[in-house]
Amino acid sequence: NSPRRHCSLPLNQPPVFLFTESVGTFSATGLGKEATFGLAVPRINWAPMVDNTMEVDPGLFFPPVIVGQADESIFGLYGQEKDLGAINMPLFPTNGIPLLAYALGGTDTVTGSSPGPYTHSIVERGAGQPPSLTIEKIIGGKQSLIMAGCKVAKYSLKGQATDTEASAAVDIVAQSFQVGTAAGVASTIASGSNTQVLPQATINLTSDVTATAPDSGIAYVVTSAGTEIVTYTGITASTITGCTGGTGTMSTGGAVTFSATMGTPSYVNEEPFVFAEFILTWAGGQLSQAGNFALDIETGVKPTYTFNGSHEAQFITATKILAKGSFDVVWDDLVDSDDLGYDFFTQIQQMANGGMPAALTFALTHPSTGYGITLSMPNVFLSKSQHPVKLGDVVMETLDFTAARPPGASSTISATIVNGVSTSYSP
């Protein structure tokens, strides 16, 4: 055996790397509503973001055992794969807004006519499940994590009367992932499918992509009608099978690209909201003295793992709707002395002794376009008020609240979104 040789560099010479670094500003986050849970679809809505922490955790663990030695980590095993994370972004009326719509998860009634604006009246879901999403995290503009079967676990909205824009932080749980590349995974149509008209149960390919394409999912097939979306359930060395969807005539040599192709970001030219565009209303009266509003919409998403030969969760289930938050106002009084209705401290005591809840509405509207978002909660209970006294500061009052849906009420929370999108956000 020859001795190992060590490479050395002259003193003061920088190291040589065999790769080029990537810059975070070339990253992006894209969204697409899935027709079938867990089958990746094209990303058609892109969210300008501050950060995206969606990652893949393969579930490494070490069972504790005694084997006559001090080492604690003996048997390395992989259990539940956890595909999840959070997206933090400014709040826009269009870019990224499907995440709010799918946190509520109910029917979207669209009104308006071309060229817009269109009004989306979105209610919370009933007994059904909210839509699932495909979310793509492009990393440095080179490759991406494409996560399918995504559901919104928590949507947190915040608006402040400061030099900051309205923002949203969204927790996501996904079922599966694949790696997207700029070139993607591609093949071409073989002669066996020449002149055949989509939809076809089987499409013949010229090359074997079984090692790189998903076992099931979406293929983009070029036909006489353009690039068509085909859903498939199986793949072999020369075919994709169980195919549905698409139109047009296929021709030998036509491109077939799979969903592992990295998306191309495209954004609507619009601005996020700032506090001068906010209106907060309590019990029918506008709170012009408000300076902060925060709302969490929790859906209770729960992943369920089963015995099916996979480390992935097989069910990503939303189990609840909970809307709660807080708002800050310039403090006026504890007991209403001027009949203005700002005695929130007293109102809480009244609620605690059988008083009725009140309606709370938070609206954000761009005056130039009319595009905006309104969140309506018709039955809101105030849980407590806080009056921190600080040297040199104006006394502010913080009110914590929870929205409720008493028996017979229509909803806990609903949203009205006005933008230029004519298609529905319904499941």
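What volume does the second largest pocket have? The answer is about 330 Å³, and I shall return to the lining of that pocket shortly. Please note first that this is a predicted model, in which local features need pLDDT of at least 70, side-chain atom pairs count only at pLDDT 80 or more, and totals for chains, interfaces and linings use all residues. Residues are numbered from 1 along each chain as its sequence is written, and side-chain values use heavy atoms, with hydrogens and water left out.

Let me begin with the terms for pockets. On a 1 Å grid over the protein atoms alone, a pocket is an open set of points with protein on both sides within 12 Å along at least five of seven lines, where a 1.4 Å probe fits; lining residues have an atom within 4 Å of a point. A volume is the space filled by probe spheres set on the points, which are joined across faces, edges and corners. Helices (H or I, at least four residues) and strands (E, at least two) are DSSP runs, numbered from the N terminus.

The second largest pocket has 18 lining residues, and nearest its centre lie Ile-44, Asn-45, Pro-98, Thr-423 and Tyr-425. At least two lining residues each come from strand S1 (28-33), strand S2 (45-46) and helix H1 (98-104). S1 supplies the largest share, three residues. By type, this lining holds 10 nonpolar residues, seven polar and one charged. Here Ala, Val, Leu, Ile, Met, Phe, Trp, Tyr, Cys and Pro count as nonpolar, Asp, Glu, Lys and Arg as charged, and the others, Gly among them, as polar.

The largest pocket encloses about 390 Å³. Its lining has 21 residues, and Ser-176, Pro-214, Asp-215, Ser-216 and Glu-312 are the closest to its centre. Strand S11 (143-160) and strand S13 (176-181) are the elements that give two or more residues to this lining, and S13 gives the most, with three. The lining of the largest pocket divides into seven nonpolar, 12 polar and two charged residues.

I turn now to the strands. Two strands pair if DSSP finds at least two bridges between them. Strand S12 (residues 167-174) pairs in the antiparallel sense with strand S7 (residues 82-90) over eight bridges, and Ala-174 is the bridge partner of Asp-83. S12 also pairs with S11, again antiparallel, over seven bridges; there Ser-167 is the partner of Lys-158. S11 and S12 form a hairpin with six residues between them.

In another hairpin, strand S8 (residues 105-111) and strand S9 (residues 118-124) run antiparallel and are joined by five bridges. Thr-109 stands opposite Ser-121. Six residues lie between S8 and S9, and Gly-112 takes a positive phi near 125°.

Next comes helix H2 (residues 344-352). Its buried residues (buried means under 20% relative accessible area, with a 1.4 Å probe and protein chains only) are Phe-344, Thr-346, Gln-347, Ile-348 and Met-351. They pack against strands S21 (278-282), S26 (322-330), S27 (358-365), S28 (372-386) and S29 (396-403), where contact means heavy atoms within 4.5 Å. Just after H2, Gly-354 takes a positive phi of about 95°.

Finally, how many disulfides does a search of the whole structure find? The search finds zero, a disulfide being a pair of cysteine sulfur atoms within 2.5 Å. Cys-150 is buried, at 0% relative accessible area, and Cys-243 also counts as buried, at 6%.

Definitions and conventions
Buried < 20%, exposed > 50% of the residue type's maximum accessible area, 1.4 Å probe, protein only.
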